[in-house]
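Colleague: I'm new to this one, so could you take one stretch of the chain, go through it slowly, and then show me how it sits in the rest? I'd like to follow the reasoning as well as the results.

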Amino acid sequence: MKAAVISSPGQVGVEAVADPTPGPGQVVVEVSACGLCGTDLHILQGEFAPTLPIVPGHEFAGEVVALGSGVRDLKAGDRVAVDPSLHCHECHFCRMGRGNLCERWNAIGVTVPGGAAQYTAAPAANCVKLPGHIRTEDAALIEPLSCAVRGYDILRSSLASHVLIYGSGTMGLMMLELAKRTGAATVDMVDLNEDRLATARTLGCSNAVTTADVLERPRGWEVVIDATGNAGAIQDALSRVGKGGTYLQFGVADYAARATIEPYRIYNEEITITGSMAVLHSYERAAELFAGGVLDPEVFISDRLPLADYAEALQRFQAGKGRKIQVLP
């Protein structure tokens, strides 16, 4: 079969690789669509994934075509979206219900072959069946949505909060949609990309600006979310949190990124600084939200390219063009 392969830092191509075989409790999924994510860029840089080469792609959906032994609730022909999380279920954090912090953390498309391929193997337990009205290709959006749901679990924001989001790419826009549905009084978006800000306006944000300096919020915001991973944006975002407010590091930053905090201010103003790591008990809920229409795929998915153009798709994503970019094997 054909698959995208990141062979070494900065090197990616589409190659012929062996077809996957399902192990016990696994299925093989024929991939309909695979989304690109900032994590894929980190893997391309040699970060995040422990070893290369790797077949990337952790946002995918498709059709079950083969079953391993012991699979009971799926059959060939079922259309599924796949939670890429692979937890050991044995370590301290797994036993505490914090599998996203697993000491042996793995993920499909990050540490084992992923969905940027014609076929990929996945645990049956990680597969969510799709209702008939959902297009299989669109369901690749469920994985990033499940990360956003996890972020909102961390925030536990109150009704009528004023929310400021840095980054109006796919993840920032998903956080916008969740903020609207969890009772935010206002949701302001900051980005340097005017095309992405235009999409934020289409989705009904309160303000879409290139700098928070132009916004009138003298007491700051109750909730500030970074969805960029950019050190400059992070530094600015930290300065915008109001007294008693919460800052969420949601975007994946480079390993070398640094920001300066003011410990006295954090103490004196009771500011919470927290992070959100991937997916935790949120994939099924994201699938339910997606089936209920929380996202419009035609707004969120800007590009659908053939798998053969995976390198070009990464370049487009890295250049900040479009919103969610998918490859279609």
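Modeller: Helices and strands here are DSSP runs, H or I over at least four residues for a helix and E over at least two for a strand, numbered from the N terminus. Keep in mind that this is a predicted model.

Let me pick the stretch around helix α7 and strand β15. Helix α7 covers residues 263–268, and Tyr-267 lies in it. Is Tyr-267 buried or exposed? Its relative accessible area is 60%, and the cut-off for exposed is over 50%, so Tyr-267 counts as exposed. If you measure across to Gly-244, which is 23 residues away along the chain, the two C-alpha atoms are 9.9 Å apart.

Carry on along the chain and you reach Glu-270, in the loop that links α7 to β15, a strand of residues 272–275. Glu-270 is exposed too, with 62% relative accessibility. Its backbone deserves a look: phi is positive, near 50 degrees, and the residue isn't a glycine. Most residues other than glycine have a negative phi, and most peptide bonds are trans. Past β15 there's another case, Ala-278, which is not a glycine either and has a phi of about 55 degrees. Ala-278 belongs to the loop between β15 and α8 (283–291). At 24% relative accessibility, Ala-278 is partly exposed, because that label covers values from 20% to 50%.

So much for that stretch; now some other backbone spots for comparison. Gly-183 comes after helix α4, and its phi is positive as well, near 85 degrees. Then there's a cis peptide bond, the one from Leu-52 to Pro-53, with omega near 10 degrees. Pro-53 sits in the loop between α1 and β4.

That loop also holds His-58, which is buried at 6% relative accessible area. What does His-58 touch, leaving aside neighbours within four places in sequence? Its contacts include Cys-37, Thr-39, Asp-40, Val-82, Pro-84 and Glu-143.

Cys-37 is worth following from there. Cys-37 is buried, at 14% relative accessibility. Why isn't it in a disulfide? Its closest cysteine sulfur is in Cys-147, 7.0 Å away, which is too far for a bond; the cut-off is within 2.5 Å. Cys-147 likewise is in no disulfide, and it is buried at 13%. The count by this rule is 0 disulfides.

Next, the strands. Strand β4 (residues 59–67) pairs with β5 (residues 79–82) in antiparallel fashion, through 3 bridges. Strand β5 also runs antiparallel to β9 (residues 127–129), again with 3 bridges. Ala-81 of β5 makes a handy marker: Ala-61 stands opposite it, and so does Val-128 in β9. After β9, the loop leading to α3 (142–155) contains Thr-136, which is buried at 9% relative accessibility. Apart from its neighbours within four places in sequence, Thr-136 is in contact with Ser-32, Ala-61, Gly-62, Arg-79 and Leu-130.

Helix α4 makes a good counterpoint to the exposed spots I began with. It runs over residues 170–181, and its 12 residues reach 17 Å from first C-alpha to last, close to the expected 16 Å. Since 10 of the 12 residues are buried, α4 is largely enclosed by the rest of the structure. Among the buried ones are Met-171, Leu-173, Met-175, Glu-177 and Ala-179.

Finally, the whole chain. The protein has 10 helices and 17 strands. Its radius of gyration is 20 Å, close to the 20 Å that the globule rule gives for 329 residues, so the protein is as compact as a globular protein of that length. The C-alpha trace spans about 60 × 40 × 40 Å along its principal axes. Of the 329 residues, 52% are buried. The exposed area is about 14,600 Å², and carbon and sulfur atoms supply 50% of it. Take the contacts with a separation of 6 or more, and 68% of them are between residues 24 or more positions apart.

How values were computed. Residues numbered from 1 in each chain as written. Predicted model: local features only at pLDDT ≥ 70, side-chain atom pairs only at ≥ 80, totals over all residues. Heavy atoms only, no water. Buried < 20%, exposed > 50% of the residue type's maximum accessible area, 1.4 Å probe, protein only. Expected span 1.5 Å × (residues − 1). Rg over C-alpha atoms; globule rule 2.2 N^0.38 Å. Contact = heavy atoms within 4.5 Å. Areas by Shrake-Rupley, 256 points an atom, 1.4 Å probe, with all protein chains shown as cover. Pairing = 2+ DSSP bridges.
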